[in-house]
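Here is a quick tour for anyone meeting this structure for the first time. Have a look around, then read on.

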Amino acid sequence: MRAAAFARFAVLGVWLVVTIFPLYWIVVTSLKPQGDIFTLPLTYLPGSPTLANYERLFGFASFGTYIANSLLVSLAAAAIVLLIGLLAGYVLARFTFRGRGQVMLAFLVTQMIPLFIALGPLYLLLNSLDLLNRLPGLVLVYVAMLIPFCTIMLRGFFERIPVAIEEAAMIDGCGRLQALFRVVVPVMLPGIAATFVFAFIQCWNELFLAIMFIDDEEAKTIPVAMNSFITQYDIDWGSMSAATVVSLVPSMILFAFAQRYIVEGLSGGAVKG
């Protein structure tokens, strides 16, 4: 038993080191002067820690604007997706109607379609709506991208909640929507939190669509701005590392506040069929 426990902790220790080391290396690189980043042999601690990379990041680039743009897009898209997915998931979980299976199948099939196939139609649509290079256009694209999976995810949570809870609320005088938001939603807060965090992180880290539809400097999000540190002849590793560290802060804060709900929600089998 002791040998098995030791082996288990050894494996977990190695896994932890492998997982944490890239993050550690990014933080160390962000604190190194430009001249020390490529020094050989490698140093695993900054010899002369400096905040110059962070000062350059916020001093010479509009990184504060990029953070605000990413927060606005991610929060707006996640909130809209959550509301639509909540209502759609409820309908798919509670009602039997012709074509329900086909709707579920369509949602699943959309997750298998590569995004680049939809670039042409999406570009033409945003252009016709005058939403190119605008944050509302990016929000619209993200909402369309996330609705299918988040709906399936929330449907699984609804199916875990007994119908009798809603029926009791409706007997007491609640309408269906009142029963949903006053009775069912508080019960499934873990699932809602897990879905919101998933949608937020997907929007926060998304680069491919953002770089296709956003070219205006004032409308760039963090991933698009970080991509600009890669030039034809060089990569500004110091600024990119500092930007990575800064971009991790909102996600860490969100996880810290919602950790209890996320763990409970994911362990509850949110994608139960």
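## The main core

Keep in mind that this is a predicted model. Its largest nonpolar core has 44 residues, and the members that touch the most others are Leu57, Phe63, Tyr142, Phe213 and Ile222. Plenty of helices chip in: α2 (52–60), α3 (63–94), α5 (119–128), α6 (135–159), α9 (189–205), α10 (208–213), α11 (222–227) and α12 (237–267) each bring at least two residues to this core. The largest share comes from α6, with nine residues.

Let's zoom in on one of those members. Setting aside residues up to four places away in sequence, Phe63 touches Leu57, Phe58, Ile222, Ala243 and Val246. There is also another core, lying apart from the largest one, with 15 residues that include Leu86, Phe158, Val184 and Ala194. As a bit of background, nonpolar side chains in soluble globular proteins tend to be buried together.

## Where two helices cross

How do α4 and α6 pack against each other? Helix α4, residues 100–110, meets α6 at an angle of about 130°, and their axes are 8 Å apart. The two helices are therefore oblique to each other, and α4 passes α6 in a left-handed crossing.

On the α4 side, the contact is made by Met104, Phe107, Leu108 and Thr110, while α6 brings Pro148, Thr151, Ile152 and Arg155. Sort the residues of this contact by kind and you get five nonpolar, two polar and one charged.

## A residue tucked inside

Is Ala78 buried or exposed? This residue of helix α3 has a relative accessible area of 1%, so Ala78 counts as buried. Not counting neighbours within four places in sequence, Ala78 is in contact with Phe196, Ala199 and Phe200.

For a sense of scale, take Ala78 and Leu126: they are 48 residues apart in sequence, and their C-alpha atoms are 20 Å apart in space.

## Two residues with positive phi

Most residues other than glycine have a negative phi. Which way does phi go for Asp130, positive or negative? Asp130 has a positive phi of about 60°, although it is not a glycine. You'll find Asp130 in the loop between α5 and α6, where it is partly exposed, with a relative accessible area of 46%.

Asn133 also sits in the loop between α5 and α6. Its phi is positive too, near 60°, and Asn133 is not a glycine either. With a relative accessible area of 31%, Asn133 is partly exposed.

Notes
Residues numbered from 1 in each chain as written. Predicted model: local features only at pLDDT ≥ 70, side-chain atom pairs only at ≥ 80, totals over all residues. Heavy atoms only, no water. Core = buried A, V, L, I, M, F, W, Y, C linked by side-chain atoms within 4.5 Å. Buried < 20%, exposed > 50% of the residue type's maximum accessible area, 1.4 Å probe, protein only. Helix = DSSP H or I, 4+ residues; strand = E, 2+ residues; numbered from the N terminus. Contact = heavy atoms within 4.5 Å. Axes fitted to C-alpha atoms, helices over the stretch in contact; angles between N-to-C directions. Parallel < 35°, antiparallel > 145°, perpendicular 65-115°, else oblique. Left-handed = near helix turned anticlockwise from the far one by under 90°. Nonpolar A, V, L, I, M, F, W, Y, C, P; charged D, E, K, R; others polar.
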